[in-house]
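Reader: I have a chain open on my screen and would like to talk through its cores, charged pairs and strands. Could you take my questions one by one?

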Amino acid sequence: MIFLLSRRFVVKPYYALLSLFILLLAAPAYAQKSAAGGPKVATADSAAIPAPKRQFQATRITEPIKVDGELDEAVWRAAPVATNFIETRPTPGRPEKHATEVRLLYDDAALYIGAVMHDVSPDSIFRELTQRDDLGNTDYFAVFLDTYNDKLNGYGFFLTPGGVELDARYSPAGGEDFNWNAVWMSQTKLRGNDWIAEIRIPYSAIRFSDAAEQVWGINFARQRQSTRQQFFWNQVKPQVDGFVNQWGELRGVRDIKPPLRLSLTPYVSSYYEHFPFNEQGKRNSSTSFNGGADVKWGINESFTLDATLVPDFGQVQSDNQVLNLSPFEVQYNENRQFFTEGTELFNKGGLFYSRRVGGQPLGFYEVDGKLRGRTTSPEGQIKQGEYVVSNPGVTRLLNATKISGRTKGGLGVGLFNALSNDVYATVQDSTSGERREVLTQPFSNYNIFVLDQSLKNNSYVSLINTNVTRKGSTYDANVTGGLFRFADKSNRYALKGQANYSRRRGTEFGSEKQIDNQDGYKYQLELAKISGNWNWSVNHGIESETYDPNDLGILFSNNSISQEASVSYSKYEPFWKVNQLRTNLGIYQTLLYKPTRFQNLGFYASANTTFTKNFSSTGLNVNGNLEEQDFFEPRRRPLGTYYVRVPANLGISGYGSSDYRKKFAYDISLATRLFQADGQRTDRINYGLGISPRYRVSNRLSFRYNFDWQLQQNQIGYAGGLSSRQEADRPFIRNGVADVLLGRRNRTTTTNTVSANYTFTNRMSFTIRTRHYLSVARYRDFSRLNPGGEEEAVDYRRNRDNSFNAFNVDAVFSWWFAPGSQITVVWKNANASELAGDQTLPQYFTNFNNTLNTPHNNSVSVKILYFLDYLTLRPKRG
């Protein structure tokens, strides 16, 4: 979070680790000594009480304001001033030395905020240029609005001296969410030793009630990057849980009406794609043209409809593909703006994984099983059978719609709906050339409904329902969840919980077999101390063996009982040679739910700090586990009989970062995990190394390199499925049932990522990102897993080695040529290959050269969006 979290920095490793342990032991005693006989500091109890709420009076204007960064209109000089900001970090509670002066005006259409940030000299004002919503090495000014004054949900508008705009939404579910975008105006100017920010926020960018007199939560913030100081007008105490609840109050806003919020953002896009098939009858290149629109409509003062019609997501950043040897799917980031913007209500309870919408078809992996195989006629004539011509890996959406808002009584309501069409794979007969289509995804409707009631004392209760309905005989899915958070009046303690029920009805896709997890449930309960230097929490939860929210959510494993207890100590004031210290310690246990079996018992501890003199930071993490029984790795149902033993282990990792204010900065991380010797598990150990240097050539140009290397030595895991078509596998298939085959393997994973950014202006930028990922797994020997975790060495001769390469280039030119309007030109270059058995390439540079020399898919696209606002297009009266 920009407003609470400081960046991480590096020092010498041995000095950093020793310092951390000293701090961890000495900090509580030091705090007590300081409170008793040293300098006067706030006690833990007083520091955890929110600061009194300041009140600020808005000034109504009738004359127009020109947003030019000058603040030269007479009304600015006559308006009340918000000043005397209070420091939040690195030393909470200190008054600012270089004053900030803020004024706020309003008329029938917008709020106007003018701010003057006094400083020592122009060189003390950091002003790196970045893309929109990307805060670099720069100062900033921010205004925060809680328009329903519920102390839970709000808006943030940030502006840097270089004129870069950032905006965010704040909510209990989403925290600080910079994926939200609004259309507003701003201008900055440098004037001597000061810099000026002028902001116009139209009422169409926010939501508020139609009350005659508005009382809003409000706060202002300033960051001086040269000293890494952050200030707020209404003091924000890091010891107090929550952020929006620590804002002041804006009064005097009267007789404003929520405007008709209606906008249309049509788009057109064009793609040129090239892949060198070099096969007769196949074209190496193709072109396509697309068109659609995004619509925003303010249904009333509280609720907004967002819809995307015939969406085009072809320009989003490429996924970071990996070699997945685990029993669980890979969770990818959501890069599609429609699914990241304004979705805080739909993310309540963690039941919405937006990549399911328009994701991989249900029957994507089942096409090969539906091919007609090679046959021989009575005359001895051989017919070769069918092969797959195309099998789309994503589902094209027809449209998606969101309706969301919050009433004046604090009730949030959200409705999400999306439709996707049928998806077919195309297969072709090898002999006749005849083609046919195989259905992989039926017409589907995705729906989410949310009710979220804000309560006093930073509390809430919520209800969420997700539903997927599919055309045809395959199954439908429904999940309902209820969650709550109750905090006491002093905001010291909180009780929160959640209960979910999943329901699935129908048959498995492409089958007449009824699904076997029709009803399931989950609950979680937690009691915690949430404010102060010392905090703690205890929680308990259960997920039944049939609980399954994965049709519209994501859950890696169910059938578990978990409990956890943790305690943390944080010191927010500078002491000794550091600015702050954060530590925590916890213990956890997991059990298999049905049948009840022990799984794991472990602990974790961490400490991190930032040093005062050079703003470098460092952190240490330690975690350990007793011998674990992994019931999921064998891929054998029902759970409980087969499990893989994971020896007792201890993991240690640390990180450090240098001062990002410098032109050259770097991050470094080291990790290792030690395992207890146990039979074949002798010499099992993991290593990890991460290095990420960055260089800022100027305020416009910067480079960054990320190197990540991991080695898992003598890891034991599932070696893959067995097939009767493979001669080496047949001895391990008895009565049609395949054995569980485990392999002892060494796995090396190397990732190199290079990125560069050049920002022409605060509205125009160019970025390029290149990533090469390589993971190689080489097996040493094999064993048969028997019930009860017993492993039996076997003479298995099939080569199960594999190597996976993924190479991507994403180059993006972006120009915000008008408010809300953008032109983007994107070049994508992609290649991914997996080699198995004798074809596996173990050496890194051999893999890299092979990746560069194999065919790549290239795509160049141009997309134009144009924002049309009804308020600016409607005919003027009079």
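Below are the questions, each with a short answer.

Reader: Happy to start, but what kind of model is this?

Author: Residues are numbered from 1 along each chain as its sequence is written, and side-chain values use heavy atoms, with hydrogens and water left out. Local features need pLDDT of at least 70, side-chain atom pairs count only at pLDDT 80 or more, and totals for chains, interfaces and linings use all residues, since this is a predicted model.

Reader: Which residues touch the most other members of the largest nonpolar core?

Author: A nonpolar core is a set of buried Ala, Val, Leu, Ile, Met, Phe, Trp, Tyr and Cys residues joined through side-chain atoms within 4.5 Å; buried means under 20% relative accessible area, exposed over 50%, and partly exposed in between, with a 1.4 Å probe and protein chains only. The largest such core has 37 residues. Those that touch the most other members are I113, F141, F157, I201 and F220.

Reader: Which elements give two or more residues to this core?

Author: Strands here are DSSP runs of E with at least two residues, and helices are runs of H or I with at least four, numbered from the N terminus. A second, separate core of 22 residues includes F346, F416, A418 and L555. For the largest core, the elements you ask about are β4, β5, β6, β7, β11, β12 and β14.

Reader: Turning to charges, how many salt bridges are there?

Author: A salt bridge is a side-chain nitrogen of Lys or Arg within 4 Å of a carboxyl oxygen of Asp or Glu. One network of them links R132, D133, E165, D167 and R763. By this rule the chain has 45 salt bridges.

Reader: Is D729, the salt-bridge partner of R798, buried or exposed?

Author: The closest N and O atoms of R798 and D729 are 2.5 Å apart. R798 lies in the loop between β45 and β46 and D729 in the loop between β40 and β41, so the pair ties together parts that are 69 residues apart in sequence. R798 is partly exposed at 24% relative accessibility. D729, with a relative accessible area of 0%, is buried.

Reader: How many residues apart in sequence are the parts that D667 and R704 tie together?

Author: These two form a salt bridge, with their closest N and O atoms 3.7 Å apart. D667 is buried at 12% relative accessible area, while R704 is partly exposed at 30%. D667 belongs to strand β38 and R704 to strand β40, so the parts they tie together are separated in sequence by 37 residues.

Reader: In the open sheet β20-β23-β24, which strands stand at the edges?

Author: Two strands pair if DSSP finds at least two bridges between them. The three strands of this sheet pair in the antiparallel sense, and β23 and β24 do so over six bridges, with A425 opposite V438. Each edge strand has a single partner, so one side of each is left without a neighbour in the sheet; these are β20 and β24.

Reader: Which residue in the turn of the β33 and β34 hairpin has a positive phi?

Author: Nine bridges join β33 to β34, which run antiparallel, and T610 stands opposite S617. β34 also pairs antiparallel with β37 over nine bridges, where N621 has S653 as its bridge partner. The hairpin leaves five residues between β33 and β34, and the turn residue with a positive phi of about 50° is F615.
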